[in-house]
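Biologist: I would like to see how the labels on a model are earned. Take me through them, please.

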Amino acid sequence: MMKLIAGSLLALAGLAAALPAVMSTITKSSAAAFPSTSGLEFQIDGKTGYFAGTNAYWIGFLTNDADVDKTLDELQEAGLKILRVWGFNDVTSTPGSGTVWFQKLSAGGSTINTGEDGLQRLDYVVQAAEKRGIKLIINFVNNWSDYGGIPAYVSAFGGSATGWYTNDAAQTQYRKYIEAVVSRYASSDAVFAWELANEPRCNGCDTSVVTTWADETSAYVKSLDPAHMVTLGDEGFGLKTGSDGSYPFGYSEGVDFEANLKIASLDFGTFHLYPESWGTSYDWGTTWVEAHAAACEAAGKPCLFEEYGAASNHCAIESPWQEAALSATGVSADLFWQLGTTLSSGQTHNDGNTIYTGSSDWTCLVTDHVAAVQ
């Protein structure tokens, strides 16, 4: 999602203490057991086809293991197979006790937190996902300031958000963080894919800036872990196929979807959909879905419809998008934004797009959609 409210996680974190490190219990699996692509489709646990899933950026920041278990149990029971999570939580100063953080950025020396209030929380998510057959997309950095992101790197290392992609100091630390995360879970069959960034943009830049960065960074990730898939995490901006000339199809954000699809070390394409934020109509959403499906079909890679949401009338607005994705050749999974549930500390963050378990929207966009997929 374009913007998240970081403060909302303070309520979710709870006061329960984290258990000891679970890295040692993460299952080692053969590469043959890992999710992969097969032509224009994804393959998970021997099944090739279309899969439904969701986003829960917050799950790795929970401090109560029972909350993680409850959340993943609900996904398993619903038939949602893929879960996208934030594998980053960047800060520039050490937070107070009880607040989860993964990396403290500083030009004088950055710190990757592998403690109980650090990556051990993500360890537990991976372990819990393994037990339930849920596959995770783990993202390395945010384009936005929520949970640090590129603005936190800029604060620590200087420069600008658009300059981040070529800032040597920032990229060196970013790669150190990638290595730290990938090395923890490279043997796990719970990893669906590694994701370079959430919604990378470079406003006003030549599109070669992001494409070159994505090419070099994805190759680096593959050098660390050639067995798992890698993807970009972009919104799908910059597309000639099916273009109607509207802002999202253009290149003003410095992204070229079709050029990025050609990168050999990126296994599939991603695209998001927020018409209200982009100045387009909700009905236009099916055009966006179908255009990306066609581009992915032409490239010979599957598309993941990775985020989509509307502020109201969720079922009426979003179900046609789901139907378009499911019927289109070239799209092999969709993940609605975002998962809502009730934890020990109360309801999870509602940004207006949230679909809560047990609601009528859940029945429409999850229960009915999963039935259509199966």
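The turns below set values against definitions.

Modeller: This is a predicted model, where local features need pLDDT of at least 70, side-chain atom pairs count only at pLDDT 80 or more, and totals for chains, interfaces and linings use all residues. Residues are numbered from 1 along each chain as its sequence is written, and side-chain values use heavy atoms, with hydrogens and water left out.

Biologist: Why is the pair K81 and D45 called a salt bridge?

Modeller: The term asks for a side-chain nitrogen of Lys or Arg within 4 Å of a carboxyl oxygen of Asp or Glu. In K81 and D45 the closest N and O atoms are 3.3 Å apart. That is within 4 Å, so the label holds. K81 sits in the loop between α2 (65–78) and β5 (82–86), and D45 in the loop between β2 (41–44) and β3 (47–49), so the pair ties together parts 36 residues apart in sequence. Helices (H or I, at least four residues) and strands (E, at least two) are DSSP runs, numbered from the N terminus. The whole structure has 13 salt bridges.

Biologist: What makes K135 and D45 a salt bridge?

Modeller: Their side chains meet at 3.3 Å, N to O. The cut-off is met, so this pair counts. It links distant parts of the chain: K135 is in strand β9 (residues 135–139), D45 in the loop between β2 and β3, 90 residues apart.

Biologist: Which of the labels buried, partly exposed or exposed fits K135, K81 and D45?

Modeller: Buried means under 20% relative accessible area, exposed over 50%, and partly exposed in between (1.4 Å probe, protein chains only). K135 has 3%, so K135 is buried. K81 has 23%, so K81 is partly exposed. D45 has 49%, so D45 is partly exposed.

Biologist: How do you know that R84 and E306 form a salt bridge?

Modeller: Their closest N and O atoms are 3.3 Å apart. That again satisfies the definition. R84 lies in strand β5 and E306 in strand β13 (residues 303–308), 222 residues apart. Both R84 and E306 are buried. Salt bridges that share partners join R84, E195, E306 and E307 into one network.

Biologist: What makes a set of residues a nonpolar core?

Modeller: The members are buried Ala, Val, Leu, Ile, Met, Phe, Trp, Tyr and Cys residues, joined through side-chain atoms within 4.5 Å. The largest nonpolar core has 102 residues, of which I59, I138, W194 and W213 touch the most other members. A second, separate core of 12 residues includes I82, F192, F268 and L335.

Biologist: Which residues is I59 in contact with, leaving aside neighbours within four places in sequence?

Modeller: Contact means heavy atoms within 4.5 Å. By that test I59 is in contact with V68, T71, L72, L83, V85 and V125.

Biologist: Why is V91 called buried?

Modeller: V91 has 15% relative accessibility, which falls in the buried class. V91 is in strand β6 (residues 90–91). Beyond neighbours within four places, V91 is in contact with W101, Q103, K104 and L105.

Biologist: How do you know that β1 and β2 pair?

Modeller: Two strands pair if DSSP finds at least two bridges between them. β1 and β2 have 3 bridges, in the antiparallel sense, so they pair.

Biologist: What makes β1 and β3 edge strands?

Modeller: The open sheet has 3 strands in the order β1-β2-β3, with antiparallel pairing. β1 (36–38) and β3 each have a single partner strand, so one side of each is left without a neighbour in the sheet.
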